[in-house]
Amino acid sequence: MKKFDVAVVGATGVVGEKMLEVLDQRDFPVGDVYVLASHRSAGKEISFKGKTLVVEELTDKSFEGRGIDFALFSAGSSVSLEFAPIAAANGVIVIDNSSAWRMDEGVPLVVPEVNPEAAFTHKNLIANPNCSTIQAVVALKPIYDTFGIERIIFSTYQSVSGSGIAGIRDLEAGIQGKENTFYPKQIAYNVLPHIDTFQENGYTKEEMKMVNETRKILGDQALRITSTTVRVPVMFAHSEAVNVETKKPFELEEVFACLGQGESIVVMDDVDNGVYPTAHEAAGTDLVYVGRIRRDFSTENALNMWVVADNLRKGAATNAVQIAELLASRMQD
């Protein structure tokens, strides 16, 4: 089996660490692995597959002459804007976890369970979608294909790990009675309807990501979508209340059936026995859990569902590695 040399950019961050963990756990056919980060992290040691890797400072020479096949970027938009084109120009296939390239018309935005074919249109640069968008579209894809979708209302309950180590530290500090250093308001014992910056239209950047990315991934710019994204005092895994208005009428049994056949979806819905997904159960897994599936009686052809997934794994690292797996399988032929 062919092995692929991989670079992880932002290797010392929360998602970068998870990328290395997922590469190991999924037994991706790695050859040499390069761990890159800012000058502040250079020299640190990281264990991977029983080996010790030394973190290198990311520079414009990091990708020259090394024959790196894939670079998984998770170091923020500014880093991706500067260094992803350099890597791509050196023949490296970049899978970027930041928002830098997601809405670029020439860059595919890929969730392997939803639009795998888009990955093969890349020009050495592929965007990994927003964490909350990824789990939502995995759950929406079977419904979209079976009944069509007219309108979506997203309400999210997003864990602090979505903000990286700064969010985790704020929650830990708040529980100890200390003040935040990252969030604008206390996150411990509180909920904040404020993720990322506010835009001129009154929505946050996170809310608009869900609108625009969902349309791009599903290939349907006519979709009517609105979103409210909320940060909650949970460490890991995002939860979402998703209201969907379909084009075709449906029976609930049909909805359960199509979701049950959806790739990477686990239906957990038996309320009589207390069965529904929670963030605690989803944390540490690579699947998307759907429950509380019920008809919306306030309008025609509409339903509600509750969608939960680990934002660091399926919402970031695992999705990126799955994209690499998709491409690697074609390159093995």
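Visitor: Is Lys-49 buried, exposed or partly exposed?
Guide: Lys-49 counts as partly exposed, at 37% relative accessibility. Keep in mind that this is a predicted model.

Visitor: Which residue does the side chain of Lys-49 meet in a salt bridge?
Guide: Its partner is Asp-27. The distance is 3.6 Å, N to O.

Visitor: Where do the two sit along the chain?
Guide: Asp-27 is in the loop between α1 (14-25) and β2 (30-37). Lys-49 is in the loop between β3 (45-48) and β4 (51-54). They are 22 residues apart, so the pair links distant parts of the chain. Asp-27 is exposed, with a relative accessible area of 56%.

Visitor: Why would two such side chains pair up at all?
Guide: Side chains of opposite charge can pair when their charged atoms come close.

Visitor: How many salt bridges are there in the whole structure?
Guide: A search finds 14.

Visitor: Give me another. What does Asp-196 pair with?
Guide: Asp-196 meets Lys-209 in a salt bridge, at 3.6 Å from N to O. Asp-196 lies in the loop between α4 (165-175) and α5 (205-218), and Lys-209 is in helix α5, so the bridge ties together parts 13 residues apart in sequence.

Visitor: And Lys-209, buried or exposed?
Guide: Lys-209 is buried, with a relative accessible area of 15%. Asp-196 is partly exposed, at 32%.

Visitor: What about Asp-286? Which residue is its salt-bridge partner?
Guide: Arg-313, at 2.7 Å from N to O. Asp-286 lies in the loop between α7 (279-282) and β13, while Arg-313 is in helix α8 (residues 313-332), so this bridge ties together parts 27 residues apart in sequence.

Visitor: Are those two buried or exposed?
Guide: Asp-286 is buried, with a relative accessible area of 19%. Arg-313 is buried too, at 5%.

Visitor: Which residues share a network with them?
Guide: Lys-18, Glu-21, Arg-26 and Glu-325. Salt bridges that share partners join these with Asp-286 and Arg-313 into one network.

Visitor: New topic: rings. How many aromatic pairs turn up?
Guide: The search of the whole structure finds 7. One of them is Phe-4 with Phe-28.

Visitor: How are those two rings arranged?
Guide: The pair is tilted. The rings are 6.2 Å apart, centre to centre, with 45° between the planes. Phe-4 is in strand β1 (residues 4-9), and Phe-28 is in the loop between α1 and β2. They are 24 residues apart.

Visitor: Buried or exposed?
Guide: Phe-4 is buried, at 0% relative accessibility. Phe-28 is buried, at 2%.

Visitor: Which residue joins them in a cluster?
Guide: Phe-70. Phe-4, Phe-28 and Phe-70 form one aromatic cluster.

Visitor: What lies over the face of Phe-120?
Guide: Arg-330, at 3.8 Å from the ring centre.

Visitor: Let's try a helix. Which residues of α6 are buried?
Guide: In helix α6 (residues 252-260), Val-255, Cys-258 and Leu-259 are buried. Seen down the helix axis, the buried residues fall within an arc of 100°, so they line one face of α6.

Visitor: What covers them?
Guide: The cover includes α3 (131-147), β12 (265-267), β13 and β14 (302-309).

Visitor: Now Phe-154. Where is it?
Guide: Phe-154 is in strand β9 (residues 149-158). It is buried, at 1% relative accessibility.

Visitor: What does Phe-154 touch?
Guide: Leaving out residues up to four places away in sequence, its contacts include Ala-136, Leu-140, Met-210, Ile-225 and Val-242.

Visitor: How far is Phe-154 from Asp-96?
Guide: Their C-alpha atoms are separated by 24 Å. Along the chain they are 58 residues apart.

Visitor: Last topic: backbone angles. Which sign does phi have at Asn-124?
Guide: Positive, near 70°. Asn-124 lies in the loop between β7 (93-96) and β8 (125-127).

Visitor: Why point that out?
Guide: Because most residues other than glycine have a negative phi.

Visitor: And what is phi at Arg-292?
Guide: About 50°, a positive value, although Arg-292 is not a glycine. Arg-292 is found in strand β13 (residues 288-295). It is partly exposed, with a relative accessible area of 36%.

Notes. Residues numbered from 1 in each chain as written. Predicted model: local features only at pLDDT ≥ 70, side-chain atom pairs only at ≥ 80, totals over all residues. Heavy atoms only, no water. Helix = DSSP H or I, 4+ residues; strand = E, 2+ residues; numbered from the N terminus. Buried < 20%, exposed > 50% of the residue type's maximum accessible area, 1.4 Å probe, protein only. Contact = heavy atoms within 4.5 Å. Salt bridge = Lys/Arg side-chain N within 4 Å of Asp/Glu carboxyl O. Arc of directions from axis to C-beta. Phe/Tyr/Trp six-rings, centres within 6.5 Å; stacked < 30°, edge-to-face > 60°. Lys NZ or Arg CZ within 6 Å of the ring centre and 35° of its normal.
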